[in-house]
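Here are some notes to read with the model open beside you. Take them slowly, and find each residue as it comes up.

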Amino acid sequence: MRAHGVLIALVVTVVSGCAAGPDYVRPSLAVPAEYKEARGEPAKDWNPAAPADASDRGAWWSVFHDPALDGLMAQVEVSNQNLAAAEAAYRQARALVREQRAALFPSVSLDGSGTRARSPGSSGSSVGQTYRYDIGASWEPDVWGRIRRGVEGARAQADASAADLASARLAAQGELAANYFQLRETDIETGLLQSTVAAYQRALTITGNRYAAAIAAKSDVLQAQTQLANAQASLTNLTQQRAQLEHAIAVLVGKTPADFALAPDPTWRAQVPELPAGVASELLQRRPDIAAAERRVAAANAEVGAAQAAFFPSFTLSASRGGGASQLGRLFDAPSSLWSLGVALAQTLFDAGARRATRDAARAAYDQTVAQYRQTALTAFQDVEDQLVATRVLVERTGFYTQASQSADEAERIALNRYKSGLVAYTDVVVAQTAALSARQSLAQATRDRQTTAVALIQALGGGWQAGQGEANP
């Protein structure tokens, strides 16, 4: 009866007890009222941030309206090995949660044995049989919450691992989109250079004819040959760049470069999504790296509680039942049974400050994770500000490059016609051709930069913006 009374008292203590250490409170962050670079964004569209990192980000790349990109993104989800590793780490973290939770419950063991032995005696040897069984149970009640803090920490680490998986997925998708747009930009530049090479070959023919007719100097022919050779060399450089980008995309979709190819498309047109007003306010809701950092703060807080619980005594309840008999049929008879109930208490009286050092280390680790969480948020705000200003500036820059390309094309046409008429030297044609090619390439690169900046902004916002907010424009 006394043993039963002790058991009941301990159970009541466990149920009503509180876990040692501080309860978790999410650290505060300095959140701006609005983004500095979001000029023209209505203040009413700014929404207070609330964690929503587990929400479905959807196919954020669909705002670019590119079926080929859509198909590649689907392959990243199932074939990328970095994602496979992150997913395995998440499953491992979930298993650790179950392992920690199992410590809250009793463990039960069963042992059985049977022996047959011959022993000598005065009347001759005899053969005897012995059967035994033992059923034991032990339980360490979580009086001070040490185990519960462990479960709490493991669950937070599992949540952080889930956010790491989302980060890895977003990073792979963003890298794929950026590589794809750069590859398509090389297709456009390749088309430009192929047209330029053809034009330079025609110019070389013209200068050769003029030189043969003694109208132009040999230097005109040499300059035309130099222009043509330089353009052809640039074309080979683009071939190398495109091949390397194609190889990188192959690895991202989980294939060897030898088993992957993207057909060139020099007529491809870039689709650049417009930034919808108010979307930047969702930064803290969607960024998986911020969510992972915050969950690690929670895990560190649980470690502080577990370290604090080590200062209190631990209790272990045990019970066993067993028996022995010479006949298997009588093994479970009452006369052959033994049972026991026990309570054990353990308390460390002196450890030269080891527990205090462990607790102090846990508190320092907690402070470290808080600082890392806040730094992650600050870096995220910087990322968004950088991409917002880049988005705005690139729109203006693309307009200027468009004007420059149109003017340079016209200047090249006029210079070539004047040279045919003998009004200018071929040097003027070379200058005009160089300027025209540079302007065309700058325009193509600016369009690519707008796309890659849109991808970077989507990543900075944690994975896209709400469906229906962004429309793509050529």
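The numbered points below go from the whole chain to single residues.

1. First, some ground rules. This is a predicted model, in which local features need pLDDT of at least 70 and side-chain atom pairs count only at pLDDT 80 or more, while totals for chains, interfaces and linings use all residues. Residues are numbered from 1 along each chain as its sequence is written, and side-chain values use heavy atoms, with hydrogens and water left out.

2. How confident is the predictor? The mean pLDDT of the chain is 83, where pLDDT is the predictor's confidence in each residue, from 0 to 100. A value of 70 or more is reached by 83% of the residues. Among the elements, α5 has the highest mean pLDDT, 93, and strand β6 (residues 472-473) the lowest, 35. Two stretches call for care when you look at them. The pLDDT is below 50 over residues 42-50, a stretch with 17 contacts beyond near neighbours in sequence; contact means heavy atoms within 4.5 Å. Residues 466-474 are also below 50, and that stretch has 22 such contacts in the model.

3. Now the overall picture. The chain has nine helices and six strands; these are DSSP runs, with helices being H or I of at least four residues and strands E of at least two, numbered from the N terminus. Of the 474 residues, 37% count as buried. Buried means under 20% relative accessible area, exposed means over 50%, and partly exposed is in between (1.4 Å probe, protein chains only). Take contacts between residues at least 6 apart in sequence: 83% of them join residues at least 24 apart.

4. Two helices make a nice check with a ruler. The expected span of a helix is 1.5 Å times one less than its number of residues. For α4, with 67 residues, that gives 99 Å, and its end C-alpha atoms are 96 Å apart, which agrees. For α9, with 35 residues, the expected span is 51 Å and the end C-alpha atoms are 50 Å apart, which agrees too. Just after α9, G462 takes a positive phi of about 90 degrees.

5. Which residues have the most contacts inside the largest nonpolar core? They are W60, F64, L69, L72, Y180, F181 and I249, in a core of 28 residues. A nonpolar core is a set of buried Ala, Val, Leu, Ile, Met, Phe, Trp, Tyr and Cys residues joined through side-chain atoms within 4.5 Å. Helices α2 (67-79), α4 (146-212), α5 (218-252) and α9 (426-460) each supply at least two of its residues, and α4 gives the most, seven. A second, separate core has 10 residues, including A224, V424, Y426 and V429.

6. Aromatic rings deserve a look as well. The structure holds seven aromatic pairs. Rings of Phe, Tyr and Trp (its six-membered ring) pair if their centres lie within 6.5 Å; planes under 30 degrees apart count as stacked, over 60 as edge-to-face and the rest as tilted. The ring centres of W60 and W61 are 5.6 Å apart with planes at 80 degrees, so this pair is edge-to-face. Both W60 and W61 are buried. Elsewhere in your list of rings to find, F64, Y180, F181 and W268 form one aromatic cluster.

7. Two loop residues have backbone angles to check. Most residues other than glycine have a negative phi. H65, in the loop between α1 (2-16) and α2, has a positive phi near 50 degrees. H65 is partly exposed, with a relative accessible area of 49%. A214 lies in the loop between α4 and α5 and has a positive phi of about 60 degrees although it is not a glycine. At 68% relative accessibility, A214 counts as exposed.

8. Finally, two helix residues to compare by eye. Q387 lies in helix α8 (residues 354-420) and is buried, at 19% relative accessible area. Leaving out residues up to four places away in sequence, Q387 touches T453, A456 and L457. L204, in helix α4, counts as partly exposed at 21%. With neighbours within four places set aside, L204 is in contact with V221, A224, Q225 and L228.
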